[in-house]
Amino acid sequence: MADLLDVRQLRAGYGEAVVLQDVSLSLAEGHTLALLGRNGTGKTTFINTLAGATRQHGGRIRLGDAELHRLAPHERAAAGIGWVPQERNIFKSLTVHENLTAVARPGRWQPARVYEMFPRLAERKGNLGTQLSGGEQQMLAVGRALVLNPRLLLLDEPLEGLAPIIVEELLKAIRRITREEGLSAIIVEQHPQAILAIADQAVVLDRGTVVHQGAAAALLARPDLLDSLLGVSR
Ligand SMILES: Nc1ncnc2c1ncn2[C@@H]1O[C@H](COP(=O)(O)OP(=O)(O)OP(=O)(O)O)[C@@H](O)[C@H]1O
Ligand SMILES: [Mg+2]
């Protein structure tokens, strides 16, 4: 079976600046990819390029039968990209429930299903986005991407800056979405162990290029390699 996502020799950046050089990777349907790398290595740029929010200088991105290059961001959402940006964009002036119903599209993920997975959101259905904690905002951002019923979920540092108990709740939900429900996903994370334990595949970026690609379990079993790839000194 053909891969769901196929990225070939991608070059992308902002204006004339090229951040990603020659990035190639692919992802099978139902698989999860952990995208790792130090600060400023191009992880967000990669995710944003899939979503259509950067300038693509070269290469190809195919999702299913769609060539994404020429599609505007909203057309990419229609083609199956579900994007949760690093800055968690939710509508702060709308309630939790309005945030979910405003974007819901037909499919297995409906607001009721999101509430079942995140009971905290169910309790805060009528609260405005401004009245949510950082963790609740992140849950809502994930919920909003899910109710689009995407083919590929993009999560950019979903655990960043959250309290340990919220991190646990989100990890459980991400595990359920990917492992149990089988939704394909790319997850960017600075704390790699937790995500590598969920992911099938791992890609490490450094200075805009792929410096490691392989099975997530294999990388998880090699803490020395992981540390050196991420520039952590022991
Ligand atoms: N809007 C922008 N315009 C110009 N350059 C940018 C822009 N956003 C990011 N960059 C540059 O692109 C490079 C990669 O940034 P990116 O945000 O993709 O890194 P990252 O791996 O996501 O980092 P972090 O782990 O800190 O989130 C950096 O050198 C950054 O300065
Ligand atoms: Mg980033």
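This report describes the overall fold, one strand and its partners, one helix and the surroundings of ligand 1 in a predicted model.

## Overall form

The protein is built from 10 helices and 10 strands. Its radius of gyration is 17 Å, close to the 17 Å that the globule rule gives for 234 residues, so the protein is as compact as a globular protein of that length. Taken along the principal axes, the box that the C-alpha atoms fill is roughly 45 × 45 × 35 Å, and of the 234 residues in the protein, 51% are buried.

## Strand β9 and its partners

Strand β9, which spans residues 201-206, is mostly covered, with six of its six residues buried. Its side chains can be followed in two sets: Q201, V203 and L205 point one way from the strand, while A202, V204 and D206 point the other way, and all of these residues are buried. The set that contains Q201 thus includes a polar residue beside V203 and L205, and the set that contains D206 includes a charged residue beside A202 and V204.

Two strands pair with β9. Strand β3 (residues 32-36) runs parallel to β9 and is joined to it by four bridges, and within this pairing L35 has V203 of β9 as its bridge partner. Strand β10 (residues 209-215), by contrast, pairs with β9 in the antiparallel sense over six bridges, and here Q201 stands opposite A215 of β10. β9 and β10 form a hairpin with two residues between them, and R207, which lies in the turn, has a positive phi of about 45 degrees.

## V211 in strand β10

V211 has its place in strand β10. Is this residue buried, partly exposed or exposed? With a relative accessible area of 41%, V211 is partly exposed, because the value falls between the 20% below which a residue counts as buried and the 50% above which it counts as exposed. Although V211 and R11 are 200 residues apart along the chain, their C-alpha atoms are separated by 15 Å.

## Helix α1

Helix α1 (residues 43-51) is mostly covered, since eight of its nine residues are buried. The buried residues are K43, T45, F46, I47, N48, T49, L50 and A51. An α-helix has 3.6 residues a turn, so residues three or four places apart point the same way. After the helix comes G52, whose phi is positive, near 90 degrees.

## The surroundings of ligand 1

Which residues come nearest to ligand 1? Of the 13 residues around the ligand, these are G40, K43, T44, T45 and Q190. Helix α1 gives the most to this shell, with three residues. By character, the residues of the shell divide into two nonpolar, eight polar and three charged.

Several polar atoms of the protein lie close to oxygen atoms of the ligand, within the 3.5 Å used for a polar contact. A polar backbone atom of G40 is 2.8 Å from an oxygen atom of ligand 1, and a polar backbone atom of T41 is 3.2 Å from an oxygen atom of ligand 1. From Q86 it is a polar side-chain atom that lies 3.2 Å from an oxygen atom of the ligand. On its own, ligand 1 has 640 Å² of accessible area, and the protein covers 57% of this.

Terms used:
Residues numbered from 1 in each chain as written. Chains lettered and ligands numbered in written order. Predicted model: local features only at pLDDT ≥ 70, side-chain atom pairs only at ≥ 80, totals over all residues. Heavy atoms only, no water. Buried < 20%, exposed > 50% of the residue type's maximum accessible area, 1.4 Å probe, protein only. Pairing = 2+ DSSP bridges. Near = heavy atom within 4 Å. Polar contact = N/O pair within 3.5 Å; in protein donor to acceptor, adjacent residues only side chain to side chain. Areas by Shrake-Rupley, 256 points an atom, 1.4 Å probe, with all protein chains shown as cover. Rg over C-alpha atoms; globule rule 2.2 N^0.38 Å.
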